[in-house]
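Reader: I would like a close look at one part of this model, a single helix and what it packs against, and then an account of how that part sits within its chain and beside the other chains. Please take the steps in order and keep the reasoning visible.

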Amino acid sequence: MRLKANFAPWLFLFPALFIYLMVIVLPSLYSLALSFFDWNGVSADKKFVGLGNYISLITEDTVFRTALKNNLIWLIGSLTIMIGLGLTFALILNRQLKGRVFFRSIFYYPYVLSGIIVAIVWSWMYHPSKGFVTFFLEKIGLEALANPWLSDPKTALYAIFIAGVWQGVGLPMVLFLAGLQAIPRDPYEAAIIDGARPFQTFRYITLPLLRDTFVIVFATTMVGAMKVYDIIYGMTGGGPMNSTQVLSSWMYYQTFKYNYIGIGSAISWYLIVICLIVIVPYVIFISKRSHH
Amino acid sequence: MRNMRKLSPLLLVFCLAFLAACGGGNNSSGSTPSTGGTGNNTDSGGRLNDQGSSSGDKVAISFWGIDGISSYVEPIIKEFEQENPDVSVEISWFSTDAIKESLKVAASSRTLPDVWFNWGGSFASFYSANGLAMDLTQVATDHNWTGIYNPAAIELAKYDGKIYSVPFHLASLGVFVKKDLYEQYGLQAPKTLAELENHMAIMHENGITPLPVGGKYGWMLMRWTEQLIEHYAGPELHDQLSALEASWTDQSVVKALTKLKEWSDKGYFPKGFITMAPEEAEMYMYSDGGYALEGTWFDQTLTSNGYDPNNYLFFKFPNEQGAVRMSSFAEGFQINAETSSEKQEAAIKLAEYITSPDVVNKYINEYGAPALSEFASTDAAPHVTVMAGEVSAGNFLITDQALPQEVVDKLFEVTDAVILNAMTPEQAAAEMQKAVDQYKANNP
Amino acid sequence: MEASRKRKFSNGLLYVILAALAVFFILPVVFVAFTALKSNADLNAHSFYSFPQELMWSNFADAWNRIRKYMGNSLFISIVKVPLGILVNALAAFALTRLRFKWATGMFVFILIGMMVPMQATLVPLNMMLNAFDLNNTYPGIMFIYLGFGIPFGVLVLRGFMLAIPKELDEAALIDGCGELGKFFRIIVPIAMPAIATLFILDFLATWNEFLLAQIFITKDSMQPITAGLLTFQGQHSTNYTLLNAGVLLSILPVMFVYVFFQKYLISGMVGAVKG
């Protein structure tokens, strides 16, 4: 009996664990090993450089720094705007509004499209002469704003981000809706009897009970922001002047275009480690608090 | 503790299994003993079929090509299989970006196909330099390639003096413009740069975008940049620049970038063109007019978009230098250097078949610009023969294949910067040279 | 009276805002439809948001002919892989939540980390692995890889929901004499149905839209999925935008169908997951 109890978890875990180890863990470790070398992937010329790649990325590679900055901008934007909007939509559409299912579908719908398609669709929206955004801004008298946003290094990333929000807000919205529906009515009723105002109930009841939801939303949003690629590459190709490069696209260039496998792997591991440092403590912290 | 003890043997088993499999894959049994002596013990081709024993049974080879050629190459390959029943070909089609990536991944994991489509220059050299593509110089001599293929194509198939591809297409680039537009303004094909600029001014005055160029991904704008460099630097210096033997801080580079900026400031490019997709920019050309610096494939592009190639006038970019060289490149088929000599033989046979005169002429309407020295002309693609004749007079390898890829991307970056006023042309030239030096340091 | 009029006004205002937002969200897709119905000449000559001069329904027929086989492949891959993935993930989540397991949280974090690994970093070792087992260009091969990448998110969601299921049910099962496996299939899985349906939708979508791995690991044209298929509209020198847009609209039909079909589960399905 005893033996069986200890074996059981491993048996149930086995299929997932095996596949996970083979597909994700071992290849990642291989990539980690590669990041310590100067190699093009094929020649016999393979030189161990220790942390050399990691250091040269920070000290010499201007595009890497730009990419890192862009990912951080995207991350901050996602954590605030995308999550904020998702939460707002969820709060609105959680009420007993007529047609709320219809609206939920509309806001979730863009999430179904792939990044490449979103890139084409929104490049066309922003097109300086044939795009709807340009047309609309001119029509409402804001011609001054009707610039080719995508070709200005100062505005390109933000313009792409708007498209990113359009595509991505559906997921946090749906997650928050679920979280909200799991909250029982009692605390609210008690609070209203006590005379609490809407903002107070939101702050002291809703938010704390959404803590678990925030974990999932936070984790998926952060990972998504660090890995973002298709939509940016599709809309500007990393330009103008490499100003919209991100870690994923720069890693692609280094590995597959320039044949610097070590550098490409180092970029990957920067990405992974940044996510790790932020997400893991947060998840563990929340797990401890929620499950007393 | 107890769980830990149970865990470690499990993990050990996984690792051992994985490593064993890895090791096994590299020395896979079943590779035929080499008869040619070109060092090939890795079995990379026969994934799904029999390896083919040395007694003359069916040889299975794998072929990778791009989607754009599939409409005619696929039937050609089927015909090849009929004529050569002892060879079977497994075909894979890729989009343009996908094939580059897949080839790199396959190279690193030693799973390259037996024959693959590739461009030239720094795209192909990776495979040639690292012993992945087969040296075909002897084959070229034995099979009399100089009598079959255009000498320009054979040159472009070389790396380090040796031939590494079977020539497939010989592409060259020139300027196309709508005939009726030129007739409307009473213009003739320009012979000098100044004349071309006059024509551009006329178009611009009449509300047409003279240079409907999309800068996204850099290559479309580069076609104009490189011709300006040819104009200001002359053929010899231009070649040295491309070979990284001359400094990019040269005045000719500065002048070329300055000229581009001048055109941009005059409004000759579409608004916001720097990140506009090439196909989107070309819409202006189709609907209103303007110049297209395009290549031998352009006739087909026009046709597939519903336009008549015969309505377009072609002329070489008037760089006013010597033979007025065209930008050019070759597409070809590379053969896997590490597969069995049987498969190599079959692969070479296939590649030569696809590019042989009879086959080419049969499919000439869709084939594009063959690398042959002689081929039939077709009304469907009237400019191909014209351009093939011109390219032999003089050509240089297109910049995004002549330079190493990271230097190419730097060129794109600094060109953008100059146009956007983020850098002066002098600074841009200096940055280019820095990138060249960096490349040389990383690749001694 | 004042309060209800106020509520009516605030509701009305809400509808206006929602309607405006809905327009913002739907407009780009409307333009996709316009483009899909245009001819090339029309597209070249006019703005991207103009109504088609002539409705080219034939674009849909042409696009369909080209992507038909790719959609079939995608359908096959998704229909096999998604349920299989759910089974694998559910078994793992069950182990992490319903069985006495000291390493549950640690193992969960270990698995969660996998979400952060960029796919590009794994391409070469995975290619070597597939080749070693002769699984290149096979459906089992690519599905194995897809399963791997789906595990972190799948376990995250299912574990969350299973944590919310009351422990009393487990005890009832024990009294009934079910073994662990019986408990899994007869008690937990039925109750976790909403979460499973949710994961079905999201995983189906992710598998359907996946293109990086498919591009590298499926090279045989006859096996390629819809994501590669749509790329055939983008040539080396030109892109057929009208057919591409038509193809896109066709290609999202199965995903839409799955979404609509499982809609009612979607909201309630995520309920338990977020408690995790």
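Author: In this predicted model, the residues of α10(B) that count as buried are Ser252(B), Val253(B), Val254(B), Ala256(B), Leu257(B), Leu260(B), Trp263(B) and Ser264(B). These buried residues pack against three other helices of chain B, namely α9 (219–242), α18 and α19. The helix itself covers residues 251–265, and because 15 residues at 1.5 Å a residue should span 21 Å, the 21 Å between its end C-alpha atoms agrees with that expectation. After α10(B) comes Gly267(B), which has a positive phi near 85°.

Two of the packing partners, α18 (405–419) and α19 (425–442) of chain B, are joined by a loop, and that loop holds Asn421(B). Although Asn421(B) is a residue other than glycine, its phi is positive, near 65°. Most residues other than glycine have a negative phi. Asn421(B) counts as exposed, because it has 10 C-beta neighbours inside 10 Å, and the cut-off for that class is 12 or fewer. A second residue of this kind is Arg110(B), which is not a glycine and yet has a positive phi of about 55°. Arg110(B) belongs to the loop between α3 (96–108) and β3 (115–118) of chain B. With 17 other C-beta atoms within 10 Å, Arg110(B) is partly exposed.

The wider setting is chain B as a whole, which contains 19 helices and 10 strands. Of its 444 residues, 53% count as buried. Among the contacts in chain B with a separation of 6 or more, 76% are between residues 24 or more positions apart. According to the domain assignment, chain B divides into domain 1 (36–170 + 330–383) and domain 2 (172–328 + 398–442). The C-alpha centres of these two domains of chain B are 31 Å apart, and the contact between them draws on 14 residues of domain 1 and 16 residues of domain 2. On the domain 1 side, α4 (121–129), α6 (151–156) and α16 (382–393) of chain B each provide at least two residues, and α4(B) gives the most, with three residues. By class, the residues on that side of domain 1 of chain B comprise nine nonpolar, five polar and no charged.

Beyond its own domains, chain B also meets chain C, in a contact that takes 32 residues from chain B and 29 residues from chain C. On the chain C side, α2 (40–45), α5 and α10 (212–217) of chain C each supply at least two residues, and the largest share, six residues, comes from α5(C). The side of chain C that touches chain B has 10 nonpolar, 15 polar and four charged residues.

Chain C also touches chain A, with 64 residues of chain C in contact with 63 residues of chain A. Several helices of chain C, including α1 (2–36), α3 (58–98), α5 (123–132) and α6 (139–164), each supply at least two residues of the side that touches chain A. That side of chain C has 49 nonpolar, 12 polar and three charged residues.

Within chain A, helix α5 (residues 115–126) has 12 residues and reaches 16 Å from its first C-alpha to its last, close to the 16 Å expected. Because 12 of the 12 residues of α5(A) are buried, this helix is largely enclosed by the rest of the structure. Its buried residues include Gly115(A), Trp122(A), Trp124(A) and Tyr126(A). Elsewhere in chain A, a cis peptide bond with an omega of about -10° joins Gly239(A) and Pro240(A). Pro240(A) is in the loop between α12 (230–236) and α13 (247–257) of chain A. As a rule, most peptide bonds are trans.

The nonpolar packing completes the view. The largest nonpolar core has 323 residues, and those that touch the most other members are Ala16(A), Leu247(A), Ile267(A), Ile61(B), Leu350(B), Ala92(C) and Leu158(C). Apart from neighbours within four places in sequence, Leu158(C) is in contact with Asn89(C), Ala90(C), Ala93(C), Ala192(C), Ala195(C) and Leu199(C).

How values were computed:
Residues numbered from 1 in each chain as written. Chains lettered and ligands numbered in written order. Predicted model: local features only at pLDDT ≥ 70, side-chain atom pairs only at ≥ 80, totals over all residues. Helix = DSSP H or I, 4+ residues; strand = E, 2+ residues; numbered from the N terminus. Expected span 1.5 Å × (residues − 1). Buried ≥ 20, exposed ≤ 12 C-beta atoms within 10 Å, placed from the backbone. Contact = placed C-beta atoms within 7 Å. Nonpolar A, V, L, I, M, F, W, Y, C, P; charged D, E, K, R; others polar. Domains from an automatic or database assignment. Core = buried A, V, L, I, M, F, W, Y, C linked by C-beta atoms within 7 Å.
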